[in-house]
Amino acid sequence: MGKVVLMQGNEACVEGALAAGMRLYAGYPITPSTEIAELSALRLPQVGGKFIQMEDEIASIACAIGASVAGVKSMTATSGPGFSLKQENLGYAVLAEIPLVVVDVQRMGPSTGMPTSPSQGDMMMARWGTHGDHPVIAICPSSVKEVYDLTVRAFNLSEKYRTPVLLMMDEIIGHLREGMELPEPGSLKIVDRPTVNHPDSKRLPYRMKPGQLVPAMAPFGKGQRYNITGLIHDESGFPTNSTDEAEAMMSRLMHKISDNYDDIKDVVTENLEDADIAIFCYGGTYRAAKTAMEVAREKGYKVGIFRPRTVWPFPEEELREASKKLKRIIVAEHNYGQMLLEVQRVAGRDCEIGFVGKWNGGVNKPIRILERIEEG
Amino acid sequence: MVNTADVRPKTKQMSNLVYKYMRPEHLPHIWCPGCGNGIIMRDVAQAIENLGLSRNNTIIVSGIGCSSRAAGYLDFNTIHTTHGRAIAFATGIKLANPTLEVIVIAGDGDISAIGGNHLIHAARRNIGITVVVMNNNIYGMTGGQYSPTTPKGAFGTTAPYGNIDRSFDIAGLAYGAGASFAARGSAYHVQQTINIIQEGIRHKGFSLIDVASVCPTYYGRKNKKGSAVDMLTWQKENMIPVEKAEKMTRQELKGKLVLGIINQTQYKEFTFAYEEMIRRLFEEREKDE
C-alpha cells in the first residue's frame, strides 16, 4: 500500500505532474489556482526542474510551449480570466502539435466574477475558446486522489497524442483537503512522446510512419532541424496555401483524437444497472450528487450517476447507450447550463432532461438535486 | 518543393551563407524589393558564421509580421510563434535547455506593441537570449499601419492625418527595462551591425539589437521618403556612432539615430542563476543526509 497523505487538490495536481515527469512550470498568480504555482516553485528545483513566474498569462502558456518544444514536459495553471487570455496560444499548441498540460481551476465569472467561489463556467470555453475548428481533450477530477491520477493521465494523453490537454478543475476540488493514498513508487504508467534524434535527417517532421498515432517529435537542440509554425503547414512543417494540404492536415488533427475515442474516453457510472434516473455530473458537483443519490436510494428512488472524467471529447456513445434505459437525466453543474446542452443533444430524444444549476457563487447542495429527483 | 540545385547562383556574388545557413528551397523570400529585412537576416547569418555557432544548437524564434518570415528561411531549429510572443516562447526554450543559443527575430510592432510586456520583463530578468529587431517603423504585413516606432507626424494607413503618438526608441526602452546589452544597427551599416549582433550573441545575458530597416513599399511611399536607396542613404547620413553621439547635445542629436552598443553591463544571467539555485539545493540536501 502506498503512503497515505492529507493533501489539497491543487497540491495533488503538482505532485501528480511531478510524478508524470513535469520539469517546467510557467505561471502567473491567480485565485483559486495559485497554490499550484506556489508548490511548483517549491518542488521543481528539488527535482532539478524549473519554475518561472512569467509577466502574464499569455507569456506563461507561451513559455510552457517553448519548454515542451525543447523536450521538457511542462504545465501552466490558471483560473477563468487567465484561461481566457491563454486561448490563442492554446490553439497554437493544438495546430503545431505541442504536448502541454493546461490547468483551469474554475471560478465564477464572467470577468473578474467571484474569485474564490466555485464554478464550472468554463466548460464550453474549454471546448470552443480558441478560434478555428480544433479537437480538444479535457478532463475533470472529482476528488484529491483523482486530481493526482488524472493529472498523470493528462500528461500521458498530451504526450501520446501530441496535443495540449486541459485539466478542468474547479474551486471545490482545488481547495478541497482530504486523505489520499499515493501510488507505490514505480507503479505509475508514464508515457513519453515519440522522439527522433538525428540532427541532419531529411525526414518530414509532420509525416507519420504507418501505425504511428502522431509524427515523432524532435526536441529542439537534440534532434532534427525543422520548422514549427502556427500557420497551416504541410508535412515539411512549412506553410501551405493548398486547400488539399490544409484539409489533409486538419483531418489528421481531428482524427487523431476522434479515432482514439475509446482510449481517451473515461466515464464512471454508479448504480445505473437498475436506475431509471441518472444524475449527470462531473468535477466538484459529483460530491453533492453522490449524497443526493444515496439519500434518494434510501427513499426508494432508483437513482444512479453518470460521471464523465473525460468531458471533451464528450462521451456520446456511453451516454446514448445509458439513456436508452433511463427515464430521466438530471444534469447538475455549477453554471447556467453548459454540458446540459450536450446531454440534451445526445440523450434528449430518449429521456426527459432536468437541470440543477448554480451560478451565484454558491455551492450546488445535495438537497436541491434531491428535490429535483422527488419532483418526478 | 524546389530542388536546391535549381536555385544555385550563376555568379559568385550570392553569399555562400545562403547554402550554409538558409533553406534555399524556401527562397526567394517574400519581402518586397528594397526591403531592409533581407540584409538584416544576412547580418544574423554572418554573425552566426563568425562566431562558429552550431546549426543544431541554435534556435531562431519569431513572432508575426514581415520579420517573422526570417525563421522559415534560416536553416536552424526555427519556430514561428504567435504575434508578440516570440520572447515568451524563447524564454521557455532557453530555460528548458540553457545550452541552446536562442535568437529572436522580431518586428517593431511585434516586439514593442503587442509584445512590449515580454520585452521589458525578459530584459529585467536578464535571460540569455538575443533579440534582433527588424525595425521598419510601420506594420508592413498588414499594409502600412502606424507602429510604436512610427515618428510623430508621419503617415500610415491608420494615421491618414499624421501620427499624433510619440514613438518608442526600442533600444532605449530595453536599456531602461534593465537589458544588460542594448544596441542599434541599421540595414545600411552592414559591417557594424554584424559586429554588434555578434557581440549581442556573445553577451551572457539579455541582449537587444534594434536594427533600423527600411520599408520603401509602405513607410517610404506614404511618407515620400523616395526609393530604398534614398532611405538607406538617409541611414548613412543620419546615424551617429555612439562614441560621437556622447559628445553631442540633445539638440544636435534631434532627428538622428545613435549607432552602436548603447549599454553593456554584466550581471548574472537568469538560467545560470536558476541552475546555481538547484545546485545549492542539492548540496544542502546531501549535507543533511
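**View 1. Strand 10 of chain A pairs with strand 2 of chain B in this predicted model.** The two strands run parallel and are joined by 3 bridges; strands count as paired if DSSP finds at least two bridges between them. On the chain B side, strand 2 covers residues 77–80. Look for Asn227(A), which stands opposite Thr78(B). Helices (H or I, at least four residues) and strands (E, at least two) are DSSP runs numbered from the N terminus. Residues are numbered from 1 along each chain as its sequence is written, with chains lettered from A and ligands numbered from 1 in the order in which they are written. As this is a prediction, local features need pLDDT of at least 70 and side-chain atom pairs count only at pLDDT 80 or more, while totals for chains, interfaces and linings use all residues.

**View 2. Here is the side of chain A that touches chain B.** Across the interface, 35 residues of chain A are in contact with 33 residues of chain B, a contact being two C-beta atoms, placed from the backbone, within 7 Å. Elements giving two or more residues to this side of chain A include strand 2 (24–27), strand 3 (50–53) and helix 4 (80–96). Helix 3 gives the most, with 9 residues. By type, this side splits into 22 nonpolar, 8 polar and 5 charged residues. Nonpolar here means Ala, Val, Leu, Ile, Met, Phe, Trp, Tyr, Cys and Pro; charged means Asp, Glu, Lys and Arg; the others, Gly among them, are polar.

**View 3. Within chain A, domain 1 (4–181) meets domain 2 (269–375).** These bounds come from an automatic or database domain assignment. The domain centres, taken over C-alpha atoms, are 26 Å apart. Contacts link 24 residues of domain 1 to 18 residues of domain 2. On the domain 1 side, helix 5 gives the most, with 4 residues. That side divides into 17 nonpolar, 5 polar and 2 charged residues.

**View 4. Chain B carries a low-confidence stretch at residues 1–7.** Chain B averages a pLDDT (the predictor's confidence in each residue, from 0 to 100) of 95, and 95% of its residues score at least 70. Over residues 1–7, though, the pLDDT is below 50, and this stretch has 7 contacts in the model beyond near neighbours in sequence. Where pLDDT is low, don't read the predicted coordinates in detail. For the whole model, ipTM is 0.97 and pTM is 0.97.
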